[in-house]
Amino acid sequence: MTDIHVDEDLCKGCGLCVLFCPQKVFEPSEELNKKGVFPPKVVRGDQCVECRLCELICPDFAISVTKDEELEEDTHGHGKSQERVRAQSAV
Ligand code: SF4
Ligand code: SF4
């Protein structure tokens, strides 16, 4: 399954990720973070379509999305860097 990681303490609670995720993966948490705001929590991670809009839209870079195939590559000793090399060579 896609790994959607929210660094709660980086979040400033703007709510953009909750509002704009096309799959409604996020909802505001009930617990305040260190900044005194409600960070998002992942409630429908299985619905994620890996569009990465949340990563792009978050002004504080609090969200990272790792796709299934990247997770698989990690387990085989390769990672995102390997994928980037392939993506660049394809351009
Ligand atoms: S990658 Fe897209 S579908 Fe998945 S949580 Fe982020 S905005 Fe939602
Ligand atoms: S977009 Fe980023 S800063 Fe805004 S609520 Fe979501 S995680 Fe927090």
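Glu50 is partly exposed, because 14 other C-beta atoms lie within 10 Å; a residue counts as buried at 20 or more other C-beta atoms within 10 Å of its own, exposed at 12 or fewer, and partly exposed in between, with C-beta atoms placed from the backbone. This is a predicted model, where local features need pLDDT of at least 70, side-chain atom pairs count only at pLDDT 80 or more, and totals for chains, interfaces and linings use all residues. Residues are numbered from 1 along each chain as its sequence is written, while chains are lettered from A and ligands numbered from 1 in the order in which they are written.

**Exercise 1. Find the positive phi values outside glycine, and place them.**

Step one: start with Glu50, whose phi is positive and near 60°. That residue sits in the loop between strand E3 (40-42) and helix H2 (53-57); helices (H or I, at least four residues) and strands (E, at least two) are DSSP runs, numbered from the N terminus.

Step two: go on to Phe61, not a glycine either, with a positive phi of about 50°. Look for Phe61 in the loop between H2 and strand E4 (63-66). Phe61 is exposed, because 10 other C-beta atoms lie within 10 Å.

**Exercise 2. Work out the order of the elements along the chain.**

Step one: count them, which gives four helices and four strands. Step two: read from the N terminus, and you get β-α-β-β-α-β-α-α.

**Exercise 3. Describe what sits around each ligand.**

Step one: take ligand 1, with 13 residues around it (C-beta atom, placed from the backbone, within 6 Å). Cys21, Val25, Cys48, Cys51 and Cys54 come nearest. By class, this shell splits into 10 nonpolar, one polar and two charged. Here Ala, Val, Leu, Ile, Met, Phe, Trp, Tyr, Cys and Pro are nonpolar, Asp, Glu, Lys and Arg charged, and the others, Gly among them, polar.

Step two: do it again for ligand 2, surrounded by 16 residues, with Cys11, Cys14, Cys17, Cys58 and Ala62 the closest. Its shell has 12 nonpolar, two polar and two charged residues.

**Exercise 4. Track Cys17 into the core.**

Step one: check burial overall, and 16% of the 91 residues count as buried.

Step two: the largest nonpolar core holds 13 residues, a core being a set of buried Ala, Val, Leu, Ile, Met, Phe, Trp, Tyr and Cys residues joined through C-beta atoms within 7 Å. Cys17, Val25 and Ile63 touch the most other members.

Step three: skip neighbours within four places in sequence, and Cys17 is in contact (C-beta atoms, placed from the backbone, within 7 Å) with Phe26, Pro40, Cys54, Ile57, Cys58 and Ile63.

Note on methods:
Contact = placed C-beta atoms within 7 Å.
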